[in-house]
Amino acid sequence: MIKLRERLDTFEALMAAIDGYQHLPIDVLSQFLLDHYTVDLDVLAEFADNLEANATAAAQGNPQSVGSIAAA
């Protein structure tokens, strides 16, 4: 039997798919997505960039940027 995977080709679809899993490290989360979905790698790269930007903002003490990944 063939199992079709859901395609994540927008940032919004990716965010919906990881809802509740955002606490995982990016490498674990990326592997989960690649194992269970057909992921547009550009969207995955955009997600990783947003995570990195949020981590940098949090480290610099800029609380306005923290949490903006869900709003992006």
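1. Long-range contacts. In this predicted model, residues 24 or more positions apart account for 51% of the contacts with a separation of 6 or more. One such pairing in sequence is that of Val-43 and Phe-11, which lie 32 residues apart along the chain and 5.7 Å apart in space, C-alpha to C-alpha.

2. Overall architecture. The secondary structure consists of four helices and two strands. Along the sequence these elements are arranged in the pattern β-α-α-β-α-α. The protein has 72 residues, of which 24% count as buried. Its accessible surface comes to about 5,000 Å², and carbon and sulfur atoms contribute 54% of that area.

3. Surroundings of Val-43. Val-43 is situated in helix α3. Its relative accessible area is 7%; Val-43 is therefore classed as buried, the cut-off being under 20%. When neighbours within four places in sequence are set aside, the contacts of Val-43 are with Asp-9, Thr-10, Phe-11 and Leu-14.

4. The salt bridge. How many salt bridges does the structure hold? The count is one. Its partners are Arg-7 and Asp-9, whose closest N and O atoms are 3.7 Å apart. As background, side chains of opposite charge can pair when their charged atoms come close. Asp-9 is also one of the residues in contact with Val-43. With a relative accessible area of 40%, Asp-9 is partly exposed, whereas Val-43 is buried.

5. The negative patch. On the surface, Glu-12, Asp-42, Glu-46, Asp-49 and Glu-52 gather in a patch of negative charge. Which element supplies the largest share of this patch? That element is helix α3, spanning residues 41–59, with four residues. Val-43, which is buried, belongs to helix α3 as well.

6. Glu-12 within the patch. Glu-12 is located in helix α1, which covers residues 11–17. Is Glu-12 buried or exposed? Its relative accessibility is 56%, so Glu-12 counts as exposed, for which the cut-off is over 50%. The negative patch thus draws on helix α3 for four residues, while Glu-12 is placed in helix α1.

7. Points to view together. For inspection of the model, Val-43 may be displayed with its contacts Asp-9, Thr-10, Phe-11 and Leu-14. The Arg-7 and Asp-9 salt bridge may be added to that view. A further view may show the negative patch, including Glu-12 and Asp-42.

Terms used. Residues numbered from 1 in each chain as written. Predicted model: local features only at pLDDT ≥ 70, side-chain atom pairs only at ≥ 80, totals over all residues. Heavy atoms only, no water. Patch = residues over 30% accessible without salt bridge, like charges linked within 9 Å, V, L, I, M, F, W, Y side chains within 5 Å. Areas by Shrake-Rupley, 256 points an atom, 1.4 Å probe, with all protein chains shown as cover. Salt bridge = Lys/Arg side-chain N within 4 Å of Asp/Glu carboxyl O. Lys, Arg positive; Asp, Glu negative; His and termini not counted. Charge placed at Lys NZ, Arg CZ, Asp CG, Glu CD. Buried < 20%, exposed > 50% of the residue type's maximum accessible area, 1.4 Å probe, protein only. Contact = heavy atoms within 4.5 Å.
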